[in-house]
Structures are given as structure tokens and as C-alpha cells.
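Please look over the structure shown below before reading on. A short exchange between a reader and an author follows it.

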Amino acid sequence: MPDRVLVTLDGCELSLSNLDKVMYPAAGFTKGEVIDYYTRIAPVMLPHLRDRAATRIRFPNGVEGAHFFEKNKPGGTPSWVRLETLPVPGSTKSRETIEFVVVDGLPTLVWLANLAAIELHTPQWRIGADPDLLVVDLDPGSPAGLTECCAVAVLMRDRLAADGISAYPKTSGKKGMQLCCPISGAQDAAVVTGYAKRVAEELAAMVPGSITAKMAKQLRPGKIFIDWSQNTAAKTTVTPYSLRAGATPTASTPLTWPETEAMATGDAQARQFTAAEVLDRAEQHGDLLAALLHPGPEVPT
């Protein structure tokens, strides 16, 4: 295969390079396959990226090589990429700003994949708006694992439902999972974070042997940490369908509640899903997180 391939997507010209480069050595998964995955998953992934400032984790020499986080636009950014100059959440009074990349279409998604931006992470707010998502990350402390995360997810789902909030599960693509909830977009991040923290602490008090809402790592072995802090304005969460950097090309995968319940009880294997499986699932189910694209209720205050 030639070193560079010129393609045109939606009227935008891209030069794709080193498509045979192996990005996941243990799996033999190449850069061309990374780009192919993002191209094929785009119809269900792009709505979750649109209007959100994208943080990228780039792996120029594959997942076993050095990597770096990137928020600002990279050098050589094409003119057709949407950029938004925004204050850095949590910055000092000098109000530092960053020119964020916003992934509003397939050309930008493919361009980032070509830059070896294997992982994409986004905040719970859209540009110029308050959070329209409430997200909790369920992080297992060994020897607890994804099975225990699923059990906590069911508990959290039922607790949120008591407040009229619908929750939708997805794997993280690594060890744990997240619950994502559509909310009104009419309350600021501090209000949403405060509510998420209260619910997490309530569940930790109910099942202290299995759940913690405290960040201290020494408190986590054998427990599921409900990370409520994902809702602070400065935090990002792995975007639905994003690939993750590991031995195999897994992705953050939307689940159904019956699947989650079966994993929680041991009736189904609790596991992460590969890129090929995620593509098959998207074809079978469509976007299981489509409800996140529509406003939900306000959180209780």
C-alpha cells in the first residue's frame, strides 16, 4: 500500500498515511483498520460528538508506545475543521483559552483517526450550554470487576429512576462502565455534580462493603467506586463507541439493560467488546444511546 492515500469525504480532501502501521501489536490491528472502524461507526457515534469539545489521546507509535493527551488544535489543522475557542474549565482568573476541535462530521473524525487519535473523550456539556448529560463512572477495584459494576449499575439505575431520571449503560472499553442520563441542560455543572455525589454517597452508605463514593485509592480494593466527579465542567468521559488503548481494540459499548442484568447475575459473561463486535451490534441494535440526544428532566436540588 502506498505511504499516502488521498481521499475526499463530504467535499473535504484528506491525505491518509501509513495505513499498514500496526497500532495494536498483540492483535495486529492496523491504522487502516482504526480509520475503517471510525468510518463505519460514524453514523451512531457522530451525534454524541457533535457540539462537544473533543479531547484526544494520541498514540503515534501504537498503543504500546508513548501517548499524549491533546485538547488544543494540532499543527496543520485543515481549514474545514470546526474550532471553538473556549476558556479552560477550572483555569485561573487569567481565563486561559484553548482552541478545541469539535467533531461535527465524518471528515474530522477520519482526520483525527489518521493522527492516531485512538481515544476520544468529551464533556457532559455542549458548546455554550449547561450539561445535558449526567454521567457516573463505575470503576472496579480489584478483585471486583465488570460483573460487580453491572450489579451496581442496576442499583444506580433504580435509584435514579426514583427521581425520574433514565439511565443508559455502556462499557468503558477498559475495566469498568458508565451510566449516562439525559438531563435538562438548564442547570450548571455544580448542581449536577452535587446531585450525582449525593446519590453516590447514598448508595455507598446502603452497601458499604461493595460500593465507595470516595476517591482515595486505598479505599477501593474489592469495591466499585462511583465516580460522580465526571460531571464537573473540567472533566471528560470516553465518548460512546470510542476505541480504547489496550492489548485488543475494544470500544466503549452501549449495552441493553437485560444484558447488564445478565452480566450482573452471572447469566452472561461480563466483558468488553471488540471493534468488530461493536460494528455488528450497531448494525443489529442501532444506537442504544439515542435517548441521550434528547433533553431529560432537571436533577433534584
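The questions and answers below treat the core, the backbone, a sheet and the charged pairs in turn.

Reader: On what basis are the features described?

Author: This is a predicted model, in which local features need pLDDT of at least 70, side-chain atom pairs count only at pLDDT 80 or more, and totals for chains, interfaces and linings use all residues. Residues are numbered from 1 along each chain as its sequence is written, and side-chain values use heavy atoms, with hydrogens and water left out.

Reader: Which helix gives the largest share of the largest nonpolar core?

Author: A nonpolar core is a set of buried Ala, Val, Leu, Ile, Met, Phe, Trp, Tyr and Cys residues joined through side-chain atoms within 4.5 Å; buried means under 20% relative accessible area, exposed over 50%, and partly exposed in between (1.4 Å probe, protein chains only). This core has 77 residues, of which Y37, Y38, I41, I226 and L243 touch the most other members. The largest share, 10 residues, comes from residues 31-49, helix α1 (helices, H or I of at least four residues, and strands, E of at least two, are DSSP runs numbered from the N terminus).

Reader: Which residues does I41 touch, leaving out those up to four places away in sequence?

Author: Contact means heavy atoms within 4.5 Å. I41 is one of the core members that touch the most others. Its partners beyond four places in sequence are Y241, V278, L279 and A282.

Reader: Is Y241 buried or exposed?

Author: Y241 is found in the loop between β15 (237-238) and β16 (250-251). Its phi is positive, near 80°, although the residue is not a glycine. Because its relative accessibility is 2%, Y241 counts as buried.

Reader: How far apart are the C-alpha atoms of T239 and L46?

Author: T239 also belongs to the loop between β15 and β16, and at 0% relative accessibility T239 counts as buried. Beyond four places in sequence, its contacts include M45, H48 and L49. T239 and L46 are 193 residues apart along the chain, yet the separation of their C-alpha atoms is 9.8 Å.

Reader: What is the omega of the cis peptide bond between S142 and P143?

Author: Most peptide bonds are trans. P143 sits in the loop between β10 (133-140) and α3 (146-161). The cis bond that joins S142 to P143 has an omega of about 10°.

Reader: Which strands stand at the edges of the five-stranded open sheet?

Author: Two strands pair if DSSP finds at least two bridges between them. The order in this sheet is β11-β12-β10-β14-β13, with mixed pairing. One side of each edge strand is left without a neighbour in the sheet, because each has a single partner strand; these are β11 (168-171) and β13 (211-212).

Reader: Which residue in β12 is the bridge partner of L134?

Author: Strands β10 and β12 (residues 177-182) run antiparallel and are joined by six bridges. Within β12, L134 has as its bridge partner C181.

Reader: How many residues apart are R157 and E261, which form a salt bridge?

Author: A salt bridge is a side-chain nitrogen of Lys or Arg within 4 Å of a carboxyl oxygen of Asp or Glu; the N to O distance for R157 and E261 is 2.8 Å. R157 is buried, with a relative accessible area of 18%, whereas E261 is partly exposed at 31%. R157 belongs to helix α3 and E261 to helix α5 (residues 257-265), so the pair links distant parts of the chain, with a separation of 104 residues.
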